[in-house]
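Hi,

Here's the structure I promised to pass on. Have a look through it first, and then read my notes below.

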Amino acid sequence: MSISLSPSELEVAADSVGPDAGGPGAEKAIEGRSLGQLAWRRLKHDKVAMAGGVVVLLIILVAIFAPLLTDWLGQKPNTIDYNLTDPSTQLPMGSFGGASGKHWLGVTPVLGQDVLAQLMYGARTSLIIGFAATLLSLVFGVSAGLAAGYFRGWADSFLSRIMDLLLSFPVLLFSIALLAVFSIIPSFLGVSGTPLRYAVIIFVLGFFGFPYIGRIVRGQVLSLREKEFVEAARSLGASNFRIMSKEIAPNLIGPILVYATLTIPNYILGEAGLSYIGVGFQPPTISWGSMLNDAGNYFQIDPMYLIAPGMALFITVLAFNLFGDGLRDALDPRSRR
Amino acid sequence: MIRYIIRRVMGAVLVLVAVSFVTFLLFQLAPALAHRSPVYYYVGKIPPSPGGLKLLEHRFGFDLPWYDQYWHYLRSIFFGQTVSDGDTTTHCGAPCLGYSFRLNSSVDSLILQALPVSLSLAGGAAVLWLVGGVLVGTVSGLRPGSFFDRAGMTGALTAVSLPIFFTGPLLLLIFEYKLKWLSNPSYSGITQDPLQWFKSLILPWFALAFLFAALYARLTRANMLDTMGEDFIRTARAKGLPRRTVVIKHGLRAALTPIVTIFGIDLGTLIGTTVITETVFNLHGLGLLLITGIRQQDLPIILGVTILAAVALVVANLIVDILYAVVDPRVSYG
């Protein structure tokens, strides 16, 4: 697909041709650019968003290679060492949470586990939940929005009703209650233990979030289906499925990408919050939220164990938010003010 | 207009029935999946004799089909019911949301005790975040790209990335343990000891308001930018109206209408949003009541608080919808 260049893009193109115009450079400058290429050019110039993107990438790498990294540091997240904590106060010995050359961010109160190793494994938990729950929201939301917007009529009223009903649910409270109910159920559909916990948390966050993306997609599809290129495809005898997948869906990638990038940090915060109040993950699964809860009794005397997981959570969420904001501006320049 | 209101009320009632039904069904099904008699989650113990268990299951109506059980629950909300765990029998008057045998109290009175705490927390925080968020958002929206705008929006993005269960303990650490401005304040009713009430809530207010103010500032800024680009603003300027009048009477009024909607719905979900704040600051409000119910596996409390939250949200939605129709003549009553 070729689109016309905006005046500012033409300027950039003219600049890049510069003094030695002619030759291969000149041909390149008038080459049509895809929307994706244009967005990428804009994103590259947004330093804050790029910094966010780099941090996100680093955190993903740390999460993937957590076992290798902790091995390299010579620490295991669940190794208990009572020698590192004071038996009477249960606090880590030494200042700054017992930080040392061996334990860079100190050790946990009571059990004396390495905090840095725990943070790395906690990043895995956070990212798995963030990505999986977002994916679930997208699958439900995009299919519901696409069907509602494309077929209209009774399909639209039915799907929109369901989405409205879900939006008028007290979601947070209901999630808490649902998780509490599942904590008394030993197994469900043959799944039990930690995998069941993952499944329930992903379901609770992802399912209740789907109406938001569903509404966005529905709105987009309602306007896209009236566009000339869809009409052209229809008059050529394209099937509904082909129009939806080949004509409409590619135009939805932008908004979906932006929505996904800004939803992941929300779900990461959601999981941490649920684990903080004690209905999310339980040991031995490591979650930044439950680490923050554990810090509750000790932070008055030694705040290290509060600050380490808190900052990890803050930096991760902020990086996703910065990157997502930049991505939105890059994909839709009109939204930038 | 009246027809519109009637239609909205009927819609709200329908949503309430659906929400309460799904909630109820879920909590009735859970014990079956846990392979434990539902009696355990209602009275906290299983009677030793099988006959006693059968009797209790019969009294609670667990031997009835699910639709009868739901009907039973609805009826007790409107007419009250007599409950018994085999040893003690009490009457729970309407509106009876259930009876907690573990705490020896009706869920209604537990909720009534917790409600003022949650309302104080949410009310104070709402004033703070509304004033702070709208002020920052308006100034930012009027001068996009200025230093204030960039600082304000950076601050807002930082604030939405900071969870209350991190900022809360940090506030406690700084103001209570390091600076010692507040010495372990415990909650007291506003009528008993207003100063103590204020002292116990000032940190939770700021922790909660910080997050919401950021969201409101971002929203107000975006609305303000949209509004100030509208034709009617240009018309007002062209008429020679002073800038203050244009901004306040024409700009702010239009920009704030969507904020009012969001504010109504946020107030409706306050029972949910205060859970974490109440946990952090150990305030015995509705959120902490729910957590207590969960820790003790006390089903009537969980069910009661969840249904109350649903009612609050549906009523808030209804009020916002009706107010919207009254305030904004562009809304059709179709």
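Let's start with where the two chains meet: 40 residues of chain A are in contact with 50 residues of chain B. Keep in mind that this is a predicted model. Its scores are ipTM 0.83 and pTM 0.84. For chain B, the mean pLDDT comes out at 81, with 93% of its residues at 70 or more.

Now for the interface itself. Putting chain A and chain B together buries about 3800 Å², and carbon and sulfur atoms give 81% of that area.

What about charged partners? There is 1 salt bridge between chain A and chain B. You can find it yourself by looking for Arg218(B) and Asp325(A), whose closest N and O atoms sit 3.7 Å apart. As for polar contacts across the interface of chain A and chain B, the rule finds 1 residue pair, with both residues at pLDDT 80 or more.

Which helices of chain A should you click on? Try α7 (153-167), α8 (171-184), α11 (240-276) and α13 (304-331), since each of them supplies at least two residues of the side of chain A that touches chain B. The biggest giver on that side is α13(A), with 12 residues. Asp325(A), the salt-bridge partner of Arg218(B), falls within the 304-331 range of α13.

If you colour the side of chain A that touches chain B by residue class, you should get 32 nonpolar, 5 polar and 3 charged residues.

Have fun exploring, and shout if anything is unclear!

Cheers

Methods: Residues numbered from 1 in each chain as written. Chains lettered and ligands numbered in written order. Predicted model: local features only at pLDDT ≥ 70, side-chain atom pairs only at ≥ 80, totals over all residues. Heavy atoms only, no water. Contact = heavy atoms within 4.5 Å. Buried area = accessible area lost by both parts, 1.4 Å probe. Salt bridge = Lys/Arg side-chain N within 4 Å of Asp/Glu carboxyl O. Polar contact = N/O pair within 3.5 Å; in protein donor to acceptor, adjacent residues only side chain to side chain. Helix = DSSP H or I, 4+ residues; strand = E, 2+ residues; numbered from the N terminus. Nonpolar A, V, L, I, M, F, W, Y, C, P; charged D, E, K, R; others polar. pLDDT = per-residue confidence, 0-100.
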